[in-house]
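The following exercises are to be worked with the sequence and the coordinates at hand. Each task is followed by a solution in steps.

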Amino acid sequence: DDLQSVSLALVAAPGSTVEVDDVSVERLSSDVPEGLGSVSWQTAGLRLTLGPDGRLREFVDLATGTNYADSRAPSVFRAFRNGQELPAHYVQMVDGRLEVHFADAEVVAWLEVEERPESLVWTVDEVRGEGVEWVGLCDLRLSLSGTVGTLVNAAWDDRFAACVLACNDRTHSFGAEEG
């Protein structure tokens, strides 16, 4: 209902072409399970809440009550398969794991999310879908102003700081863009 702008990107498989006349735009099927709600995790200083669509709803500094989530941001999850970047279609908690379903229904990721006193640890347990090249986690678009440290993938000001840190050599933690 709040859609204001749409962009179209055409991706062709290597060695093939796409004619603009062959393009059609369809609404994503609404096979989202009914009754899905938001999912939240909390540390001593932060509450992170995702909507059922995988978009960041809350990134709250519990000391001040400030919500740094950018409500206009896309889903925090993406996958790349067969030359296409796929946004999350919906997320849900199942048996204590976060289940992320992507726009291509064959692609699903399962994550363990551990709440620690000072951090949240997200671990990819499993990814389903032939040819998935990568899964993007934690695309956090925050309204945190002040300093952006792209080398450590962090942003902070005088009152609050946020950082996404890769904890193994199979995970890339790309820095945020300033602005």
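**Exercise 1. A salt bridge and its exposure**

Glu85 has a relative accessibility of 43% and is therefore partly exposed, in a model that is predicted.

Task: Determine which residue forms a salt bridge with Glu85, and place that pair in its network.

Solution.
Step 1. The partner of Glu85 is Arg78, with 3.0 Å between the closest N and O atoms. The cut-off for such a pair is 4 Å, so the contact qualifies.
Step 2. Arg78 has a relative accessible area of 26%, so Arg78 is partly exposed; the class lies between the limits of 20% and 50%.
Step 3. The pair belongs to a network of salt bridges that links Arg78, Glu85, Asp139 and Arg141.
Step 4. By the same rule, the count of salt bridges comes to eleven.

**Exercise 2. Two further salt bridges**

Task: For the salt bridges Arg81 with Glu106 and Arg116 with Glu114, state the N to O distances and assign Arg81, Arg116 and Glu114 to exposure classes.

Solution.
Step 1. In the bridge between Arg81 and Glu106, the closest N and O atoms are 2.8 Å apart. This pair links distant parts of the chain: Arg81 is in strand 5 (residues 78-81), whereas Glu106 is in the loop between strand 7 (97-102) and strand 8 (108-115), 25 residues apart.
Step 2. Arg81 has a relative accessible area of 7%, which is under 20%, so Arg81 is buried.
Step 3. The side chains of Arg116 and Glu114 meet at 3.0 Å, N to O.
Step 4. Arg116, at 39%, is partly exposed; Glu114, at 38%, is also partly exposed.

**Exercise 3. Strand 2 and its partners**

Task: Describe how strand 2 pairs with strand 1 and with strand 3, and state how far strand 2 is covered.

Solution.
Step 1. Strand 1 (residues 39-42) pairs with strand 2 through four bridges in the antiparallel sense. Ser40 has Thr49 of strand 2 as its bridge partner, and three residues separate the two strands of this hairpin.
Step 2. Strand 2 also pairs with strand 3 (residues 56-61), antiparallel, over five bridges. Here Leu46 is matched with Asp61 in strand 3.
Step 3. The hairpin of strand 2 and strand 3 has five residues between the strands, and Gly54 in the turn has a positive phi of about 85 degrees.
Step 4. Four of the five residues of strand 2 (residues 46-50) are buried, so the strand is mostly covered.

**Exercise 4. The open sheet and the whole chain**

Task: Give the strand order of the open six-stranded sheet, identify its edge strands, and summarise the overall composition of the protein.

Solution.
Step 1. The order is 9-8-7-6-5-10, with antiparallel pairing.
Step 2. Strand 9 (120-128) and strand 10 (132-136) are the edges, as each pairs on one side only.
Step 3. On average, neighbouring strands of this sheet are turned by 30 degrees against each other, direction ignored.
Step 4. Within the sheet, strand 5 and strand 6 (residues 84-94) run antiparallel and are joined by four bridges; Ala79 stands opposite Leu86 in strand 6.
Step 5. The protein has zero helices and 13 strands. Buried residues account for 27% of its 179 residues.
Step 6. Among contacts between residues at least 6 apart in sequence, 39% join residues at least 24 apart. The exposed area is about 12000 Å², of which carbon and sulfur atoms supply 47%.

Conventions: Residues numbered from 1 in each chain as written. Predicted model: local features only at pLDDT ≥ 70, side-chain atom pairs only at ≥ 80, totals over all residues. Heavy atoms only, no water. Buried < 20%, exposed > 50% of the residue type's maximum accessible area, 1.4 Å probe, protein only. Pairing = 2+ DSSP bridges. Contact = heavy atoms within 4.5 Å. Areas by Shrake-Rupley, 256 points an atom, 1.4 Å probe, with all protein chains shown as cover. Axes fitted to C-alpha atoms, helices over the stretch in contact; angles between N-to-C directions.
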